[in-house]
Amino acid sequence: MKFFSFVLGALALVSGAIAVDIQKSVIITYKENTPDSVIKQDKKAIVDAGGVITHEYTLMKGFSAKVNAKTLESVSASSENYATIEEDKVVSTFGI
């Protein structure tokens, strides 16, 4: 019975650790007048927190990234006057 409790506790601990590291795929775009330093700061914050910049856009200011929720909140707060953040997902015109 003690072994079962130990295994159950270990699983709870592991699932809690995994939940902290769940990363979202997002697209972050910026207004044209956004200073490059703001974008660099946001990218650095994402990478420093273990996130990944997956694509950098050239026709508009922005990038896509995989980032954890805590860092995403921080980037959103620091760039609230410049950035639009949305989930990166497949969009269909047929509702599929």
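A contact here means heavy atoms within 4.5 Å. Among contacts in the chain between residues at least 6 apart in sequence, 67% join residues at least 24 apart. The model is predicted.

**Overall layout**

The chain has three helices and four strands. From the N terminus, the elements follow the order α-β-α-β-β-α-β. Of the 96 residues, 23% count as buried. The accessible surface is about 7,300 Å², and carbon and sulfur atoms account for 61% of that area.

**Confidence**

The mean pLDDT over the chain is 83, with 76% of the residues at 70 or above. Helix α1 (residues 2-20) has the lowest confidence, with a mean of 53. Strand β2 (residues 52-56) has the highest, at 96.

**Salt bridges**

The count is three salt bridges. Here they are, with the N to O distance for each.

| Pair | N to O distance | Location |
|---|---|---|
| K61 and D36 | 3.7 Å | K61 in the loop between β2 and β3, D36 in helix α2 |
| E56 and K43 | 2.7 Å | E56 in strand β2, K43 in helix α2 |
| K44 and D48 | 2.6 Å | both in helix α2 |

Take K61 and D36. This pair links distant parts of the chain, 25 residues apart. D36 lies in helix α2 (residues 36-48). K61 is partly exposed, because its relative accessibility is 21% and the partly exposed class runs between 20% and 50%. D36 has a relative accessible area of 51%, so D36 counts as exposed.

E56 and K43 also link distant parts of the chain, at 13 residues apart. E56 is at 48% relative accessibility and therefore counts as partly exposed.

K44 and D48 sit within one helix. They are four residues apart in helix α2, so about one helical turn separates them. Both K44 and D48 are exposed.

**The aromatic pair**

There is one aromatic pair. Its members are Y30 and F63, with ring centres 6.1 Å apart. The planes make an angle of 35°. The pair counts as tilted because that class takes in angles that are neither under 30 degrees nor over 60.

Y30 belongs to strand β1 (residues 23-30), and F63 to strand β3 (residues 62-68). The two are 33 residues apart, so the pair links distant parts of the chain. Are these two residues buried or exposed? Both Y30 and F63 are buried.

Technical notes:
Residues numbered from 1 in each chain as written. Predicted model: local features only at pLDDT ≥ 70, side-chain atom pairs only at ≥ 80, totals over all residues. Heavy atoms only, no water. Phe/Tyr/Trp six-rings, centres within 6.5 Å; stacked < 30°, edge-to-face > 60°. Buried < 20%, exposed > 50% of the residue type's maximum accessible area, 1.4 Å probe, protein only. Areas by Shrake-Rupley, 256 points an atom, 1.4 Å probe, with all protein chains shown as cover. pLDDT = per-residue confidence, 0-100. Salt bridge = Lys/Arg side-chain N within 4 Å of Asp/Glu carboxyl O.
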